[in-house]
Every structure is written in structure tokens, then in C-alpha cells.
Amino acid sequence: MLKTAFNKHSKKILLACAIAASSAITLPAAYADDYEIDTRGAHAFVQFRIKHLGYSWLYGRFNEFEGTFTFDETNPAKNAVNVDINVESLDSMHAERDKHLRGEKFLNTGKFPKAKFVSTEYLPTGAGTADLKGDLTLHGVTKSIVLKVEHIGGGNDPWGGYRNGFEGKVTIKPADFGMDLVKALGESASEVELFLSVEGIRSKALKAKK
Amino acid sequence: MLKNTLTNYGWLSRAVHWLSALLVIGLFALGLWMSGLSYSHEWYRTAPDLHRSFGILLAALTIIRLVWYKISPKPTPLAHYTAVERKAGIAVHHVLMLLLFVMFISGYLITTAKGDPIYFFNLMAIPSLINGVDNLEDIAGNIHEISAYSIIALVVLHIAGAFKHHFIDKDITLTRMLGVNKKD
């Protein structure tokens with residue numbers, strides 16, 4: 001009896017070991033350099049600026065978004081970014097303007113509530129800089145854009161995590177995305193600058209590997 | 001005469017009624033017109049300023065009106081009004097009053113949803129009380145628009161009722177609000 005019980009017990013342990021081993025083996029190495037953008041801690045910003053009458057810069061942001069990126073320090077070809085943005089969360093610090101910008105004349109968030117950026121290629125251009133090509137979907141239109149990316153910094157944080165941060169900039173023409181801002185706001189509104197400023201926390205899978 | 005009697009409206013009630021009528025219709029027309037203005041239109045900023053200010057004026061006037069309604073005598077409904085007419089009249093008046101307050105609150109919220117105050121003729125800033133609710137300005141804007149059209153529909157009913165009394169029943173319903181009914 002005792003022997004049988006012991007056998008059963010050891011079988012369970014063996015099974016557990018096998019599962020653990022197999023999951024360790026099948027764990028893709030790519031996960032190791034995956035980061036989750038720290039939107040929860042608000043160390044990430046999706047901002048834009050556009051000229052007002054051609055006289056000043058008007059800044060705004062999207063308060064709700066989430067995303068991930070891969071940052072492989074040894075193999076930049078693996079670097080990639082994915083961001084999903086809730087366009088309805090637009091915030092330019094003025095309720096009436098936000099209401100207008102969400103309206104049909106502009107972003108039409110009732111019809112196109114989501115925007116997203118999916119990178120397709122990461123091309124290093126210098127020390128800590130790169131061109132990040134990708135597809136931006138905005139106002140229901142998907143266009144290829146190139147973000148000028150700068151690696152700001154990275155390393156251990158004081159709370160046991162590991163972080164890396166970047167800022168990407170791109171100038172888009174709203175007309176390319178089906179929004180006629182020039183007609184509504186004048187020639188100075190023909191371009192909008194977008195800023196993706198993100199800090200990512202490396203996923204825990206990496207800690208197990210290191 | 002300032003005060004109402006049991007048969008006629010005093011000038012205060014009449015003045016408040018007609019001023020409210022002017023403001024309701026004027027604010028609707030102004031609101032409709034200004035929401036279609038292009039950004040470069042010279043009235044693009046002034047028209048909403050006036051709309052907000054006159055809206056606050058109507059809100060104040062309506063509150064005074066309700067207080068006056070409570071404390072002053074009320075002309076009694078004319079004897080020949082049918083039960084349906086009495087009920088319909090009361091219903092239209094109550095819903096109109098309710099929708100006016102929906103308009104005041106929703107209009108206030110469009111402007112103040114992100115913490116900005118609302119200005120009354122550049123004389124006074126009324127602070128934001130409710131903010132931090134996601135897309136509050138859009139929700140309030142939709143309610144404001146639907147309520148505005150509803151009010152105008154009720155105004156049409158209200159005018160139709162007054163005309164029916166004046167032209168078909170040939171009674172003093174309209175004339176006593178105009179103040180031209182001298183029979184006391």
C-alpha cells in the first residue's frame with residue numbers, strides 16, 4: 001500500500017516536472033525582450049500638436065491607450081511596437097474643443113473610435129536612434145508612416161523591474177487620413193505632429209531567464 | 001397691475017412669459033446657427049459667448065418664474081376648458097419646464113466638463129462642479145440637442161393651443177397673456 005501510494009506521489013512529481021520542463025523549453029526566447037508600455041503608471045504619452053492659426057502650437061493627447069514593444073539590444077531587427085489608442089479619450093484641456101475634435105468634421109470618433117500603430121520595420125540610424133516604419137490606422141484609414149525614434153534610456157528600476165524608454169516623432173498630414181483640416185481650420189492646420197513617448201516594463205518571463 | 005388676479009395675469013407674469021418666449025426661441029435659433037459656423041467666421045467666438053450668457057439669463061429668469069408662480073395668485077383655467085385641454089395644458093407646461101432645466105444643466109456641462117468655468121457676459125465666472133467624467137461634454141451635448149428640438153416641438157404645441165383658444169374658441173386665453181383683456 002505504502003509503495004503504491006509512494007509511486008502515485010512520485011508519478012505526480014514527475015508529471016509536474018515534465019510540464020515545467022516542457023513549458024520552459026517551449027517558452028519562446030522572443031518573450032524575453034518584450035515590454036509592456038507603462039500606461040498604468042502613466043509613464044507613457046500619446047501626444048499631438050498642431051498650429052493654431054499659424055501663430056502657436058496647440059498640444060493635446062490621448063489619455064487612453066495600451067501597447068507593447070520588443071526591444072532586443074543585441075538584435076534590433078526584432079524590435080517592434082504595437083499601440084492601440086482610444087481616440088475618444090482625446091484631451092486638449094478644453095471640453096468644447098474636444099467635443100468638436102471628436103465630431104464628424106474631424107476625428108469622427110463615433111464612427112472611428114480606435115486608432116492603432118503596428119510597426120513593420122526597425123532601422124537603426126545612429127547611436128540610440130532609429131527609423132521605425134509602421135502602419136498607422138486613424139479615422140478608418142491605414143497609412144504607412146516612419147517614426148523617428150530615440151532611445152532615451154533603460155535599466156533596472158528601484159522596485160525590482162527592468163525598463164526601457166523611447167520617444168518617437170512623426171509629422172502626418174490629416175488629409176492623408178481623410179480629414180480635411182485645412183478647409184475647417186486654415187492652411188496652418190495641414191500638418192499634425194505626433195509624439196509617442198513610452199516607458200516599457202520588461203515582462204516577467206525575462207527575469208526567469210536571466 | 002403687478003400681481004396676478006384670479007382672472008388676469010399681472011405685468012410681472014406677462015413680462016416673464018414673453019421674455020422667456022423670446023429667449024427660448026432666440027437661443028434655439030442662435031444655437032442652431034452657431035453650431036454650423038466655420039472656424040474663421042467672425043461670430044465663431046462671440047455667438048457661443050452670447051448663447052451661454054443668455055442661457056444663464058433664462059435659467060435665472062426661470063427660477064424667479066417658479067418662485068413667483070408659487071407665491072402669486074393664479075388666474076383660474078377658463079370654465080369651458082375640457083378635461084382633455086386642462087390635462088394637456090398642464091402636461092405641456094410641466095414637460096416644458098422640466099426640459100428647460102435639462103437644457104440649463106446640459107448646456108452648463110458642455111462648457112464645464114473639463115473644469116473650465118462658464119462665463120456670464122464676461123461679468124461672472126460660474127465654476128465647474130462636475131468634471132472628470134469620460135466624454136461628459138459629448139453626452140451633455142447630445143442631451144442638449146435632443147432637448148432643444150423637443151422644446152421647440154412643445155412650443156409649437158403650446159402656440160397651437162393658444163391659437164385654438166383664440167381663433168376657434170374665441171376665448172381670452174391668449175389676450176389675457178397679452179394683457180389686452182380688460183374684463184376683470
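These legends describe close-up views of a predicted model with chains A and B.

**Figure 1. Overview of chain A.** Chain A contains 11 strands and 4 helices. Of its 210 residues, 39% are buried. Among the contacts in chain A with a separation of 6 or more, 53% join residues 24 or more positions apart. The area that chain A exposes is about 12,600 Å². Carbon and sulfur atoms account for 57% of that exposed area.

**Figure 2. The nonpolar cores.** In soluble globular proteins, nonpolar side chains tend to be buried together. The largest nonpolar core in this model comprises 42 residues. Within this core, A:Phe69, A:Leu136, A:Leu138 and A:Ile172 have the most contacts. A second core, separate from the largest one, has 18 residues, including B:Val24, B:Ala59, B:Met103 and B:Phe104.

**Figure 3. Surroundings of A:Ile172.** Neighbours within four places in sequence are left aside in this view. A:Ile172 is in contact with A:Leu136 and A:Leu138, two residues that are also listed with A:Ile172 among those with the most contacts inside the largest nonpolar core. Other contacts of A:Ile172 include A:Ile145, A:Phe177, A:Val192 and A:Leu194. A:Ser190 and A:Glu191 are in contact with A:Ile172 as well.

**Figure 4. The salt bridge between A:Glu191 and A:Lys173.** The side chains of these two residues form a salt bridge with an N to O distance of 3.1 Å. A:Glu191 is in the loop between α3 (181-185) and β11 (192-202) of chain A. A:Lys173 is in the loop between β10 (162-172) and α3 of chain A. The pair is 18 residues apart and links distant parts of the chain. A:Glu191 has a relative accessible area of 37% and is therefore partly exposed. A:Lys173, with 40%, is also partly exposed.

**Figure 5. A:Gly155 in strand β9.** A:Gly155 belongs to strand β9 of chain A, which covers residues 141-156. Its relative accessible area is 18%, so A:Gly155 counts as buried, the cut-off being under 20%. Apart from neighbours within four places in sequence, A:Gly155 is in contact with A:Gly161, A:Tyr162 and A:Arg163. From A:Gly155 to A:Thr70 the separation is 85 residues in sequence and 15 Å in space, C-alpha to C-alpha.

**Figure 6. The interface between chain A and chain B.** At this interface, 17 residues of chain A are in contact with 14 residues of chain B. About 1,200 Å² is buried between the two chains, and carbon and sulfur atoms give 43% of this area. On the chain A side, A:Ala95, A:Glu96 and A:Lys99 lose the most area to chain B. Together these three residues make up 40% of what that side buries. There are 5 salt bridges between chain A and chain B, out of 16 over all chains.

**Figure 7. B:Glu137 and the salt-bridge network.** B:Glu137 forms a salt bridge with A:Arg102, with the closest N and O atoms 3.1 Å apart. Within chain B, B:Glu137 forms a salt bridge with B:Lys114, where the closest N and O atoms are 3.2 Å apart. B:Lys114 lies in the loop between α3 (83-112) and β1 of chain B, and B:Glu137 lies in helix α4 (residues 136-168), so this pair ties together parts that are 23 residues apart in sequence. B:Lys114 is partly exposed at 30% relative accessibility, whereas B:Glu137 is buried, with a relative accessible area of 1%. A network of salt bridges links A:Arg61, A:Asp91, A:Asp98, A:Arg102, B:Lys114, B:Glu137 and B:Asp138.

**Figure 8. The salt bridge between B:Asp169 and B:Lys164.** The closest N and O atoms of this pair are 2.9 Å apart. B:Asp169 is partly exposed, at 27% relative accessibility. B:Lys164 is likewise partly exposed, with a relative accessible area of 31%.

**Figure 9. A nonpolar surface patch on chain B.** B:Phe54, B:Leu57, B:Phe121, B:Leu123 and B:Met124 form this patch. Together they have about 460 Å² of accessible area. One of them, B:Phe121, is in the loop between β1 (118-120) and β2 (124-126) of chain B. B:Phe121 counts as partly exposed because its relative accessibility is 32%.

Notes. Residues are numbered from 1 along each chain as its sequence is written. Chains are lettered from A and ligands numbered from 1 in the order in which they are written. This is a predicted model: local features need pLDDT of at least 70, side-chain atom pairs count only at pLDDT 80 or more; totals for chains, interfaces and linings use all residues. Side-chain values use heavy atoms; hydrogens and water are left out. Helices (H or I, at least four residues) and strands (E, at least two) are DSSP runs, numbered from the N terminus. Buried means under 20% relative accessible area, exposed over 50%, partly exposed in between (1.4 Å probe, protein chains only). Contact means heavy atoms within 4.5 Å. Accessible areas come from the Shrake-Rupley method with a 1.4 Å probe; for residues, only the protein chains shown count as cover. Patches are made of residues with over 30% relative accessible area and no salt bridge: like charges are joined within 9 Å, nonpolar side chains (Val, Leu, Ile, Met, Phe, Trp, Tyr) within 5 Å. A salt bridge is a side-chain nitrogen of Lys or Arg within 4 Å of a carboxyl oxygen of Asp or Glu. A nonpolar core is a set of buried Ala, Val, Leu, Ile, Met, Phe, Trp, Tyr and Cys residues joined through side-chain atoms within 4.5 Å. Buried area is the accessible area (1.4 Å probe) that two parts lose on being put together, summed over both.
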